[in-house]
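Thanks for coming. Please have a look at the model on the screen before I start.

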Amino acid sequence: MKTDFRNRILVGTVLALMSIATSVSAALGPQELVQQTTDRLLTAIQNEKSVIDKQPTRIFELVEEIALPHFDFRVISRRVLGKEHWTNASPDQRERFEKEFASMLIRTYATALKEYKGQAVKMQPLDLKPDDRKVKVRAEVEQPGSFPIPIDYWMYEKKGVWRVYDVAIDEISLIANYRTTFANEIRNGGLEKLITTLADRNQAGGTN
C-alpha cells in the first residue's frame with residue numbers, strides 16, 4: 001500500500017478520534033467512548049512525554065493499552081483477508097495474522113499520533129436512531145490551502161459496547177485497501193508468507 005495513503009488514513013483515524021463531538025445520546029455511547037478514550041490517550045502521552053522521548057516504543061504501549069481495545073480486530077482481520085482466505089486459513093494462522101496485523105496498525109496509529117498538528121475537524125450530521133446497532137460518523141478534516149479530507153468512521157454496537165470496524169478516507173476504506181494489498185501478497189507467496197512478512201516488519205519496527 002502506498003505510504004501517503006496509509007498516513008492519510010491513519011492520521012484521519014486519529015483526527016476522528018480526537019474530534020468527534022456529535023449529539024449522540026448518552027444511552028447510545030459512541031461519543032463518550034471516543035472522547036473518553038481520546039482524553040485518556042492524549043493525557044497519558046502528555047504525562048509520559050519525557051519517557052517517550054527516551055523510550056519511543058512507550059507510545060506503542062499506550063496506544064495498545066488505551067485505544068486498541070475499542071477496535072474489533074477479529075472482524076477487521078476477517079474482512080481484510082476476505083471470505084476465501086479467512087475460510088481456508090487454519091485457526092492458528094487466523095490468530096497469528098490477527099496478532100501481527102494488529103501490531104502493525106498499532107505502530108502506524110502511534111506514528112500518526114506523533115504527526116497530528118491540531119487540524120480542525122468539522123463534524124457532519126449524524127443519523128442515528130435509538131435501535132441502530134451500527135453508525136457511520138462523517139467528518140471533514142480541514143487542510144490549510146487545500147480541500148478538506150472526508151472521513152467515514154464506522155462502529156458497531158453489541159451488548160451495549162461500541163467498537164470500531166473500519167475507517168474510510170476519501171471513500172476508500174482501510175479494510176478494502178489492505179484487502180487488495182494482502183490479496184496480492186497471498187497470491188504471490190501464500191498466507192503463511194504474508195504472516196511471516198508482517199511479523200518481520202513488526203520486529204523491525206516498520207509499518208509499510
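I will go through the core and then two buried polar residues.

This is a predicted model, where local features need pLDDT of at least 70, side-chain atom pairs count only at pLDDT 80 or more, and totals for chains, interfaces and linings use all residues. Residues are numbered from 1 along each chain as its sequence is written, and side-chain values use heavy atoms, with hydrogens and water left out.

First, the core. A nonpolar core here is a set of buried Ala, Val, Leu, Ile, Met, Phe, Trp, Tyr and Cys residues joined through side-chain atoms within 4.5 Å. Buried means under 20% relative accessible area, with a 1.4 Å probe and protein chains only. The largest such core has 48 residues, and F97, F101 and F182 touch the most other members. Helix α6, residues 91-115, gives the most to it, with eight residues. Helices are DSSP runs of H or I, at least four residues, and strands are runs of E, at least two, numbered from the N terminus.

Which residues does F97 touch? Leaving out residues up to four places away in sequence, they are S77, V80, L81, F182, L194, I195 and L198. Contact means heavy atoms within 4.5 Å.

Next, D152, in strand β3, residues 149-158. D152 is buried, because its relative accessible area is 11%. With the same sequence neighbours left out, D152 touches K136, V137, R138, D166, V167 and A168.

Last, N202, in helix α8, residues 191-204. N202 has 5% relative accessibility, so it counts as buried. Its side chain makes a polar contact with the side chain of E100, at 2.8 Å. A polar contact is a pair of N or O atoms within 3.5 Å; within protein, one must be able to donate a hydrogen and the other to accept it, and residues adjacent in sequence count only if both atoms are side-chain atoms.

How values were computed:
Buried means under 20% relative accessible area, exposed over 50%, partly exposed in between (1.4 Å probe, protein chains only).
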